[in-house]
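Please open the model in your viewer with the cartoon displayed and the sequence panel at hand. The tour below goes from one selection to the next.

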Amino acid sequence: PPHPLLMTRRPPRSTPDYIRRQRQMCIRDRVKMEELRNRQTDQISGGQQQRVALARALAPKPEVLLLDEPLAALDYKLRKEMQIELKRLQNETGITFIFVTHDQEEALTMSDRIAVMEAGRILQVGTPRQIYNHPEERFVADFIGSTNFLAADVISIGQGFVRLRLPSGNEISTELPEGMTPQGRVTTVVRPEYTRLLADSDKTGDLKGVLENIVYFGTDTHYHVRLPDETLFVTRMQNQREDMEAFKVEQPVEIVFKPNSVQVLRD
């Protein structure tokens, strides 16, 4: 029989060492780093280094994990890849992630619930859709997403709706946020993608102005319109493959939108 010192035995599966190694392998697999386990951190990419840091944070099995600007140092492509990885890991582990970021797009795509803060004060808490479509304060509306602000005059209030007179003189009715009873002049917000641009031909558009700038983004085009009161209003329209350049700079145009696209903000 072989000498006892030359015999190898698999360690019992109940030993701390075996459990620790299995746990390490499981975490490396979750962050997709098992094949790089023998490399030093200075031998791997920035995105892989972020995965190593995440694996170290997950190892103790925390109930809550604080991630403070974890993707800020990465380039755009790596940041997008890591956003997907973080969402996948959160779903797999069930750990509560508190994700701190100043990137508004990152906040919307990464979160189940968002708390918007200013100077250490929480202004609004809600789902990404609630925060984006129904901001309650100007700071929240301005911080999350592109925004148009319009001053409007309150004509009447009733049954949860308010009738407003826009700077163009047109009147619209829109829903009021709960508990709000505005009077006089109020600030409203209209998201650029909820509006459309039309060539000015004496139609009854909600707003009229002069097209000042056109910015092509590939997926969509942003039209910057100067209103008569010098307010700059941006309309975002999705591009189609067959689209032609229908608008020209310095062209008179009209802006149209549905009344429920207008959100009244708190003072």
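Select valine 225 together with phenylalanine 233, its bridge partner in β12; strands here are DSSP runs of E with at least two residues, helices are runs of H or I with at least four, and both are numbered from the N terminus. This is a predicted model, in which local features need pLDDT of at least 70 and side-chain atom pairs count only at pLDDT 80 or more, whereas totals for chains, interfaces and linings use all residues. Residues are numbered from 1 along each chain as its sequence is written, and side-chain values use heavy atoms, with hydrogens and water left out.

Extend the selection to the whole of β11 and β12, which pair in the antiparallel sense over seven bridges, pairing being assigned if DSSP finds at least two bridges between two strands. Five residues lie between the strands of this hairpin, and glutamate 230 takes a positive phi near 75 degrees.

Next, add strand β10 (residues 207-216), which runs antiparallel to β11 (residues 220-226) and is joined to it by six bridges. Isoleucine 214 stands opposite tyrosine 223, and valine 215 stands opposite histidine 222. The β10 and β11 hairpin has three residues between its strands, with glycine 218 in the turn at a positive phi of about 90 degrees. If you colour by accessibility, β11 appears mostly covered, since six of its seven residues are buried, that is, under 20% relative accessible area with a 1.4 Å probe and protein chains only.

Now show the whole open sheet, whose five strands follow the order β9-β13-β10-β11-β12 with antiparallel pairing. At its edges are β9 (195-199) and β12 (232-238), each of which pairs on one side only.

Finally, move to the largest pocket, which has a volume of about 730 Å³, taken as the space filled by probe spheres set on grid points joined across faces, edges and corners. On a 1 Å grid over the protein atoms alone, a pocket is an open set of points where a 1.4 Å probe fits, with protein on both sides within 12 Å along at least five of seven lines, and lining residues have an atom within 4 Å of a point. Of the 23 lining residues, select Phe99, Val100, Ser111, Arg113 and Ala115, which lie nearest the centre. β2 gives the most to this lining, with five residues.

Definitions and conventions. Buried < 20%, exposed > 50% of the residue type's maximum accessible area, 1.4 Å probe, protein only.
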